[in-house]
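Visitor: Got a minute to walk me through this one? I'd like to poke around the sites and then a few odd spots.
Guide: Sure, let's put it on screen.

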Amino acid sequence: MACVFCSIVAGEAPALRIHEDDEFLAFLDIRPFTRGHTLVIPKRHTVDLTDTPPDTVAGLAVLGQRIAKAARLSGLHADGNNIAINDGKAAFQTVFHLHLHVVPRRTGDKLSFAKGLVLRRDPDRAASARLLRAALANLDETAQD
Ligand code: 5GP
Ligand code: ZN
């Protein structure tokens, strides 16, 4: 399969999955800026914001919001998140399957964030995935109360 994110959707390429439903998949970025850096993608391949239906962009944003909330509640202790879509090569898009970045941030993390932009590694990605999954499960429970 030509597209690496389609390969992840198909289960042909490995990824640390955070959330999956019929339309969307969220998984950890392989070269994270911070711990818990997550990519949210529509399962159906589109390239960027030019060919993606508005409803899909909306769904992507809603799931991004849930993951951002989970990051705050999680053991990653995020105090906020950067949410971004790099729309097109001119905007530094490198994988041409639409995706939304959720990058957890901590108050006062300016220096470690700058370091993360260069190093782009998490010493324990599996633990970050577990913490995010657990927080998402808690959010789901709260929603049902
Ligand atoms: P872009 O610059 O296109 O918005 O970001 C693409 C992101 O995808 C980068 O942050 C990069 O680290 C991530 N990425 C690229 N290939 C893979 C992969 O095979 N698996 C995962 N989990 N992330 C990837
Ligand atoms: Zn794709």
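Visitor: Is His45 buried or exposed, or partly exposed?
Guide: Keep in mind that this is a predicted model. His45 has a relative accessibility of 36%, so it counts as partly exposed.

Visitor: And what does the zinc ion (ligand 2) have around it?
Guide: His45 is one of its donors, through ND1. The others are Cys3 and Cys6, each through SG, and His97 through ND1, with distances of 2.0 to 2.3 Å.

Visitor: What arrangement do the four donor atoms make, and why?
Guide: Tetrahedral, because the angles they subtend around the zinc ion (ligand 2) run from 104 to 119 degrees. To count that way, all angles have to lie between 85 and 135 degrees.

Visitor: How are the donor residues spaced in sequence?
Guide: The pattern is C-x2-C-x38-H-x51-H.

Visitor: Where do the two histidines, His45 and His97, lie?
Guide: Both are in loops: His45 between strand S3 (38-42) and helix H2 (54-73), His97 between strand S4 (80-84) and strand S5 (100-105). The pair therefore ties together parts that are 52 residues apart in sequence.

Visitor: Is His97 buried or exposed?
Guide: Buried: its relative accessibility is 0%.

Visitor: What about Cys3, buried or exposed?
Guide: Cys3 comes out at 13% relative accessible area, so it is buried. Cys6 has 14% and is buried as well. The cut-off for buried is under 20%.

Visitor: How many disulfides are there?
Guide: Zero in this structure.

Visitor: OK, switching to the other ligand. How many residues surround ligand 1?
Guide: There are 17, and the closest are Asp29, Phe92, Thr94, His99 and His101.

Visitor: Which side chain has an N or O atom 2.9 Å from an oxygen atom of ligand 1?
Guide: That's the side chain of Asn86. From the backbone, an N or O atom of Phe92 also sits 2.9 Å from a ligand 1 oxygen, and a polar backbone atom of Val95 is 3.0 Å from an oxygen of that ligand.

Visitor: How much of ligand 1's accessible area does the protein cover?
Guide: 85% of the 520 Å² that ligand 1 has on its own.

Visitor: Back to His99 from that list. Where is it found?
Guide: In the loop between S4 and S5. His97 is in the loop between those two strands too.

Visitor: Which backbone oxygen lies 2.8 Å from a polar atom of the His99 side chain?
Guide: The one of His97. So a zinc donor has its backbone oxygen in a polar contact with a residue that is among the closest to ligand 1.

Visitor: Is His99 buried or exposed?
Guide: Buried, at 5% relative accessibility.

Visitor: And Phe92, buried or exposed?
Guide: Exposed: its relative accessible area is 69%. That value takes only the protein chains as cover. Phe92 is placed in the loop between S4 and S5.

Visitor: What's phi like at Phe92?
Guide: Near 70 degrees, which is a positive value in a residue other than glycine. Arg120 also has a positive phi, near 50 degrees.

Visitor: Where's Arg120?
Guide: In the loop between helix H3 (110-119) and helix H4 (125-144). With 21% relative accessible area, Arg120 is partly exposed.

Visitor: Let's look at H3 then. Is Phe113 buried or exposed?
Guide: Phe113, which is placed in helix H3, is buried at 16% relative accessible area. Its C-alpha is 22 Å from that of Val95, and the two residues are 18 apart along the chain.

Visitor: New topic: what does the side chain of Ser74 reach?
Guide: The backbone oxygen of Ala71, at 2.9 Å. Ser74 is in the loop between H2 and S4, and with 4% relative accessibility it counts as buried.

Visitor: Last one, where is Leu16 found?
Guide: In the loop between helix H1 (4-9) and strand S1 (17-20). Leu16 is partly exposed, with a relative accessible area of 22%. From Leu16 to Ala26 it's 10 residues in sequence and 8.7 Å in space, C-alpha to C-alpha.

Notes:
Residues are numbered from 1 along each chain as its sequence is written. Chains are lettered from A and ligands numbered from 1 in the order in which they are written. This is a predicted model: local features need pLDDT of at least 70, side-chain atom pairs count only at pLDDT 80 or more; totals for chains, interfaces and linings use all residues. Side-chain values use heavy atoms; hydrogens and water are left out. Donors are N, O and S atoms within 2.8 Å of the metal (3.2 Å for Na, K and Ca); water is not among the atoms, so sites may look incomplete. Four donors count as tetrahedral if all angles lie between 85 and 135 degrees; four count as square planar and six as octahedral if opposite donors are over 155 degrees apart and all others between 65 and 115; anything else is irregular. Helices (H or I, at least four residues) and strands (E, at least two) are DSSP runs, numbered from the N terminus. Buried means under 20% relative accessible area, exposed over 50%, partly exposed in between (1.4 Å probe, protein chains only). A residue is near a molecule or strand if one of its heavy atoms lies within 4 Å of it. A polar contact is a pair of N or O atoms within 3.5 Å; within protein, one must be able to donate a hydrogen and the other to accept it, and residues adjacent in sequence count only if both atoms are side-chain atoms. Accessible areas come from the Shrake-Rupley method with a 1.4 Å probe; for residues, only the protein chains shown count as cover. A disulfide is a pair of cysteine sulfur atoms within 2.5 Å.
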